[in-house]
Amino acid sequence: MSSSLGRRILRRVVACFVICIVTIAGFYLSLLLSARPLSAEEMSKVESAIDVLDKAGFDTEVYYLRYYTFFRGNDNWLNAMVPKENAYAATNYPFEIMTVYPDFFVYTTDDVERAAILLHEARHLQGYDEPDAYEFVWKNKAKLGWTREKYGVSVVWRNVRKQTMEIAPGMFICEFNEMGDCYE
Ligand SMILES: [Zn+2]
């Protein structure tokens, strides 16, 4: 009697588990399938930018970008419902889907700038929030070779600096540097 009750409970538990897995898989697939993949040309630009991060020694971020991330070229239904954080890219954590918008290809001057954007998104892939992502990129921009001397007039540089100043003003209080940047 008790063993048949045990079997019934076990069957319910297994059924619940299967329903959970199928629901999550369906949700994940719907995110992937509701957006287009990147073209071969776009994907090769993304890969070149990841190579820049690799050479600069961002091992953890490169690992996430190369092995865990699905890249998409426009919004899935979930992104379309929420306000955009920036015009270049967006990440669905914990699903590790990164949407790369046209501005990522249009306004960046080279692979280094595209690497800076991917570095920001790679922090989100690891579960870090917005202030962390902005701070991490700004603190590491010299390591990446993304410096004011070379990129100070680029659209992406000026946009990211403005957003970083808004979200982490404490990084711009060093009067000995231009714009008060503590991480020049
Ligand atoms: Zn972000």
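Across the interface of domain 1 and domain 2 in this predicted model, the rule finds zero salt bridges. Two residue pairs in polar contact are nevertheless found across that interface, both at pLDDT 80 or more. On the side of domain 1 that touches domain 2, the residues divide into four nonpolar, one polar and no charged. The absence of charged residues on that side of domain 1 accompanies the count of zero salt bridges between the two domains.

The two domains that meet there are domain 1, covering residues 1-33, and domain 2, covering residues 37-180 of the protein chain. Five residues from domain 1 and seven residues from domain 2 take part in the contact, while the C-alpha centres of the two domains lie 38 Å apart. The area buried between domain 1 and domain 2 is about 780 Å², and carbon and sulfur atoms give 75% of it. Of the area that domain 1 buries against domain 2, 73% is supplied by Y28, L31 and L32, which is more than any other three residues supply.

Although no salt bridge is found across the domain interface, the structure as a whole holds eleven salt bridges. Side chains of opposite charge can pair when their charged atoms come close. One of these pairs joins R36 to E42, with the closest N and O atoms 3.2 Å apart. The two partners differ in their surroundings, since R36 is partly exposed at a relative accessible area of 36%, whereas E42 is buried at 17%.

A further salt bridge links K139 with E135, the closest N and O atoms here being 3.8 Å apart. K139 and E135 both belong to helix 7, which spans residues 130-139, and because they are four residues apart in this helix they are separated by about one helical turn. Both ends of the pair are partly exposed, K139 with a relative accessible area of 40% and E135 with a relative accessible area of 28%.

The salt bridge between K141 and D181, in which the closest N and O atoms are 3.1 Å apart, spans a longer stretch of the chain. K141 lies in helix 8 (residues 141-144) and D181 in the segment after helix 10 (155-167), so that this pair ties together parts that are 40 residues apart in sequence. Both partners are buried, as K141 has a relative accessibility of 3% and D181 has a relative accessible area of 3%. Elsewhere, salt bridges link D51, D54 and R66 in a network.

Three further residues illustrate local surroundings in the model. T108 lies in the loop between helix 5 (102-106) and helix 6 (111-125), and its relative accessible area of 7% places this residue among the buried ones. The side chain of T108 reaches the backbone oxygen of F104 at 2.6 Å, and it also makes a polar contact, at 2.9 Å, with the side chain of R114. When residues up to four places away in sequence are not counted, T108 touches D103, E113, R114, I117 and V156; R114 is thus both a polar partner of the T108 side chain and one of the residues in this set of contacts.

M43 is found in helix 2, which comprises residues 40-56, and is partly exposed, with a relative accessible area of 22%; this value lies just outside the buried class, because buried means under 20% relative accessible area. With its neighbours within four places in sequence left aside, M43 is in contact with L38 and F71. Between M43 and Y63, which are 20 residues apart in sequence, the separation in space is 16 Å from C-alpha to C-alpha.

K84, in turn, is found in the loop between helix 4 (77-81) and strand 2 (89-92), where a relative accessibility of 47% makes this lysine partly exposed. Apart from neighbours within four places in sequence, K84 is in contact with D75 and Y101.

How values were computed:
Residues numbered from 1 in each chain as written. Predicted model: local features only at pLDDT ≥ 70, side-chain atom pairs only at ≥ 80, totals over all residues. Heavy atoms only, no water. Domains from an automatic or database assignment. Contact = heavy atoms within 4.5 Å. Buried area = accessible area lost by both parts, 1.4 Å probe. Salt bridge = Lys/Arg side-chain N within 4 Å of Asp/Glu carboxyl O. Polar contact = N/O pair within 3.5 Å; in protein donor to acceptor, adjacent residues only side chain to side chain. Nonpolar A, V, L, I, M, F, W, Y, C, P; charged D, E, K, R; others polar. Helix = DSSP H or I, 4+ residues; strand = E, 2+ residues; numbered from the N terminus. Buried < 20%, exposed > 50% of the residue type's maximum accessible area, 1.4 Å probe, protein only.
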